Amino acid sequence: MPGLSLSSFSFEDVPTSEVDAAEELYGGLAQDVRDLNDVSIRTRVDAGAVERARDLVRQAAEILAADAAEGPAGIHFNAEGRSWNWGNAVVGVRNAVAPPVRLEWHDDGTVSSRLELGTPYEGPPGSVHGGVSAMVLDHLMGETASERHTRVTVTGTLTLRYVQPLPLGPVRMAARVSEVSGRKVTVTAWIAADEDDATPAVEATGLFITPRWAQEPETPSGIGSLD
């Protein structure tokens with residue numbers, strides 16, 4: 001894949017305890033921004049209140065910009081096998097655009113997640129945007145293909161079947177590997193409302209590829225999916 005190689009990953013000489021502490025600190029900030037985004041869509045306050053709120057947001061942006069890195073957040077790893085991609089649009093704990101998705105690996109090979117897709121992710125009235133469903137499924141499936149981050153994978157093809165609208169609110173999704181052939185991994189998945197009797201709103205099948213450069217001995221462990 002053009003633009004991706006071992007040099008795309010950045011080694012950071014920091015202990016995992018510091019990474020975890022930074023995630024807790026800045027992850028809280030990202031959640032506040034998510035809450036702000038949600039309420040900014042729904043608010044009906046008057047012009048004066050909006051202007052006061054905008055002034056506070058500009059002040060916050062100025063405070064945070066006082067020491068901000070340039071360029072993309074990227075993927076980093078340390079000597080303890082810990083990796084982090086805080087800017088990722090799906091799982092980035094420091095990215096307010098991300099829901100964020102948190103994954104659970106199960107003994108039967110299934111990977112699942114429960115998440116909240118509220119007002120900021122709306123497409124059709126009261127329903128999750130189809131592109132958002134595709135995005136979170138793509139990441140879930142890539143992580144599933146990575147077999148608990150033991151191999152690096154990228155998306156080759158992704159086929160989606162939109163069965164019915166996915167209501168805004170709590171949703172759940174799951175994926176599993178259905179076939180492995182050399183560098184190719186086939187994964188199936190679905191996403192549905194998080195209700196006991198809910199049936200899949202979107203079903204997906206994807207082909208994920210391990211790039212040749214990712215098979216080199218120098219490839220850092222714990223990276224997993226690059227989606």
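A salt bridge is a contact in which a side-chain nitrogen of Lys or Arg lies within 4 Å of a carboxyl oxygen of Asp or Glu. Side chains of opposite charge can pair when their charged atoms come close. The structure discussed here is a predicted model, in which local features need pLDDT of at least 70 and side-chain atom pairs count only at pLDDT 80 or more, while totals for chains, interfaces and linings use all residues. Residues are numbered from 1 along each chain as its sequence is written, and side-chain values use heavy atoms, with hydrogens and water left out.

**Salt bridges**

A search of the whole structure finds nine salt bridges. The table lists some of these pairs.

| Pair | Closest N and O atoms |
|---|---|
| Asp108 and Arg176 | 3.7 Å |
| Glu203 and Arg161 | 3.0 Å |
| Arg172 and Asp194 | 3.7 Å |

The positions of these residues are given by helices (DSSP runs of H or I, at least four residues) and strands (DSSP runs of E, at least two), numbered from the N terminus. Asp108 and Arg176 form a salt bridge. Asp108 lies in the loop between β4 (104–105) and β5 (111–117) and Arg176 in strand β7 (residues 169–181), so this pair ties together parts that are 68 residues apart in sequence.

Glu203 pairs with Arg161. Glu203 belongs to strand β9 (residues 202–209) and Arg161 to strand β6 (residues 154–162), 42 residues apart.

Arg172 and Asp194 also meet in a salt bridge. Because Arg172 lies in strand β7 and Asp194 in the loop between β8 (184–193) and β9, the pair ties together parts that are 22 residues apart in sequence.

Accessibility is described by relative accessible area: buried means under 20%, exposed over 50%, and partly exposed in between (1.4 Å probe, protein chains only). Asp108 is exposed at 51%, whereas its partner Arg176 is partly exposed at 36%. Glu203 is partly exposed at 33%. Arg172 is buried at 18%, and Asp194 is partly exposed at 27%.

In addition, Asp20, Glu23 and Arg82 are linked in a network of salt bridges.

**The largest pocket**

A pocket is an open set of points on a 1 Å grid over the protein atoms alone, where a 1.4 Å probe fits, with protein on both sides within 12 Å along at least five of seven lines; lining residues have an atom within 4 Å of a point. The largest pocket is lined by 25 residues, and Tyr26, Ala68, Ala69, Trp86 and Arg94 lie nearest its centre. The elements giving two or more residues to this lining are α1 (16–42) and α2 (47–65). Helix α1 gives the most, with seven residues.
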